Amino acid sequence: MEYATKILIADENAASRQSLMSELCRAGYSSIELAANGEEALSKIERFHPDVAIIDLWLSGIDGIGVLRNSRKLN
């Protein structure tokens, strides 16, 4: 079964991003975007409009909480 849910994964650790993406793909999710830092996560949120965002709290530049706060201003 394939799901249409759009997911954003934001984590500085490339192995963690890839591992989580692989598990989500295996579970049937195919619309997944990846971000390596807070600025990239905000850019992807603005462009991709994910239904779900999995965001590491300890991102560089803008941390996970900052990403959430700033994403509310994008609407």
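This passage walks through two helices, α1 and α3, of a predicted model, looking at how each one sits among its neighbours.

A good place to start is helix α1, which runs over residues 14-26 and has 13 residues. From the first C-alpha to the last, α1 reaches 18 Å, close to the 18 Å expected at 1.5 Å a residue. Within α1, the buried residues are R17, M21 and L24. These residues lie on the same side of α1, because they cover an arc of only 65° around the axis. The other side of α1 is where A15 and R26 are found, and both are exposed. As for the covering over the buried residues of α1, it includes three strands: β1 (3-10), β2 (29-35) and β3 (52-55).

The two ends of α1 also deserve a look. At the N-terminal end, N13 acts as a cap for α1, with a side-chain oxygen 2.9 Å from the backbone nitrogen of A15. Just after α1 comes G28, which takes a positive phi of about 110°.

Attention now turns to helix α3, made up of residues 64-72. Here the buried residues are G64, G66, V67 and S71. Since they cover an arc of only 155° around the axis, these residues are placed on the same side of α3. R69 and R72, by contrast, are exposed on the other side of α3. The buried residues of α3 are covered by elements including α2 (38-48) and β3. Strand β3 is thus a feature to look for in both settings: it is among the elements covering the buried residues of α1, and it is also among those covering the buried residues of α3.

Definitions and conventions
Residues numbered from 1 in each chain as written. Predicted model: local features only at pLDDT ≥ 70, side-chain atom pairs only at ≥ 80, totals over all residues. Heavy atoms only, no water. Helix = DSSP H or I, 4+ residues; strand = E, 2+ residues; numbered from the N terminus. Expected span 1.5 Å × (residues − 1). Buried < 20%, exposed > 50% of the residue type's maximum accessible area, 1.4 Å probe, protein only. Arc of directions from axis to C-beta. Contact = heavy atoms within 4.5 Å. Polar contact = N/O pair within 3.5 Å; in protein donor to acceptor, adjacent residues only side chain to side chain.
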